[in-house]
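Have a look at the model below before reading on. The notes after it are meant to be read side by side with the structure.

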Amino acid sequence: MSTALHTDHYELTMLRAALASGAAHRRAVFEVFARRLPGDRRYGVVAGTGRLLDALENFRFGEEELTFLRRRGIIDDRTAEYLSGYRFGGDVHGYPEGECYFPGSPILVVEGTFAETVLLETLVLSILNHDSAIAAAASRMVRAAGSRPLIEMGSRRTHEDAAVAAARAAYICGFASTSNLLAGLRYGVPTTGTSAHAFTLLHDSEADAFRVQVDSLGRSTTLLVDTYDVKTAVRTAIEVAGTDLGMVRIDSGDLAEAAHEVRALLDELGAHRTGIVVTGDLDEHAIAALAAAPVNAYGVGTKLVTGSGAPTAALVYKLVAREDAQGVMRPVAKRSVGKPSRGGRKFAFRAIGPDGIARAEIVTTAPAMPVDQLEALAESPGGERPGRPLLVPLVRKGEIVGREPLDAARERHRRSVAELPPAALHLSPGDTAIPTVFA
């Protein structure tokens with residue numbers, strides 16, 4: 001299915017005018033970056049790159065799209081002819097998926113003709129802004145949960161396609177599984193789920209509901225115990241399933257208090273290995289508050305799929321260099337109040353100290369400078385190691401080269417967070433974990 005109309009109207013009108021002036025075929029460089037992190041968070045997380053590459057591959061203008069654009073008067077004959085053969089033939093470099101980023105980090109660099117690159121703005125931003133926002137929230141939740149697993153279960157609280165993307169982003173950042181089956185099919189994310197309150201209410205008694213579930217799914221299943229009275233339900237669950245019951249789930253009330261009461265009751269009944277999973281409007285702060293409670297796993301829905309208060313990553317797509325009439329590439333930059341940008345194609349490195357902890361993000365414009373000199377920019381008298389290069393090739397001359405297994409992004413995120421200073425893991429608003437240094 002074509003993704004070409006995941007595009008704002010003005011991208012086509014800019015193309016139309018640029019084709020008329022002859023500027024459409026000038027070389028151009030666009031970059032994606034955030035001027036600041038939402039909610040005074042201490043780091044961002046790149047997510048959505050794999051989905052973007054898939055969408056770019058299907059960015060084609062067929063007869064249906066061209067007919068629509070003509071009927072609306074958005075394009076003329078010259079523009080229609082150009083679009084009918086559109087194939088992105090440029091280069092894309094970016095931070096690999098799962099990598100942490102900071103204000104000013106050039107997380108995506110798109111190079112090609114102006115006509116090729118200007119059309120991708122909305123596609124790029126709609127995917128990266130959503131997925132990176134979810135990833136940042138998910139990462140904070142995983143840090144708050146420590147070694148306890150997290151289940152993504154927010155499909156019913158967002159758009160159906162966004163739900164699949166959210167499950168994917170959450171898995172990259174350390175969630176153990178999702179309730180969303182399409183995310184399982186499409187991306188291989190582990191899926192899980194047992195029953196809702198409706199299943200208990202369907203049956204003549206709680207015991208009947210538990211018995212049917214255990215008979216169908218086995219003793220390792222999770223029984224929901226807060227439809228009526230929690231303590232009565234826990235006793236019934238153990239009577240039905242025995243002390244080998246896998247887990248019980250609590251979805252309401254004071255979760256910390258309920259978890260302590262349920263743990264004590266399970267132990268009293270001899271169900272020492274039966275775990276407790278809690279759900280119900282959890283965010284990273286609520287998860288952190290449950291750290292001392294005898295909870296074995298968390299299920300997170302609404303707050304995850306809405307970015308836990310930051311539903312967008314505030315990323316922008318800006319022209320930073322363009323070819324002039326003489327064929328020379330020139331840096332360009334906005335000077336708008338409150339919305340400045342920095343001209344020139346960027347290269348990015350992360351300065352790592354001798355202790356393996358990140359010290360700074362080094363962003364520089366030096367396309368002709370040898371790599372060893374670029375890396376030297378990340379060194380300082382403090383003994384830091386040369387900077388770790390952050391940009392990797394994703395597309396070369398229109399060919400996608402940056403696809404990778406989702407587990408590779410998951411492992412990269414684990415390593416990326418591990419190299420951040422301890423303050424990065426604080427959940428309170430604050431300064432970014434490391435400064436961005438423009439060299």
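What follows is a short tour of the sheet, the domains and the cysteines.

This is a predicted model, so local features need pLDDT of at least 70 and side-chain atom pairs count only at pLDDT 80 or more, while totals for chains, interfaces and linings use all residues. Residues are numbered from 1 along each chain as its sequence is written, and side-chain values use heavy atoms, with hydrogens and water left out.

Let's start with the sheet. It's an open one, with 7 antiparallel strands in the order β13-β12-β1-β5-β3-β17-β18. Strands here are DSSP runs of E, at least two residues, and helices are runs of H or I, at least four, numbered from the N terminus; two strands pair if DSSP finds at least two bridges between them. At the edges sit β13 (329–331) and β18 (399–400), each paired on one side only. Helix α6 (residues 121–145) packs on the sheet, touching β1 (27–34), β5 (108–113) and β12 (315–323), where contact means heavy atoms within 4.5 Å. Between strands β3 (residues 91–94) and β17 (residues 392–396) there are 3 bridges, and His93 stands opposite Pro393 in β17.

Next, the domains, with bounds from an automatic or database domain assignment. Domain 1 covers 9–134 + 310–438 and domain 2 covers 194–289; their C-alpha centres are 46 Å apart.

Finally, the cysteines. Counting sulfur pairs within 2.5 Å as disulfides, the total is 0. Two of the residues are listed here, with buried meaning under 20% relative accessible area (1.4 Å probe, protein chains only).

| Cysteine | Closest cysteine sulfur | Relative accessibility |
|---|---|---|
| Cys100 | Cys173, 8.0 Å | 0%, buried |
| Cys173 | Cys100, 8.0 Å | 2%, buried |

The sulfur of Cys100 is too far from that of Cys173 for a bond.

Definitions and conventions: Axes fitted to C-alpha atoms, helices over the stretch in contact; angles between N-to-C directions. Buried < 20%, exposed > 50% of the residue type's maximum accessible area, 1.4 Å probe, protein only.
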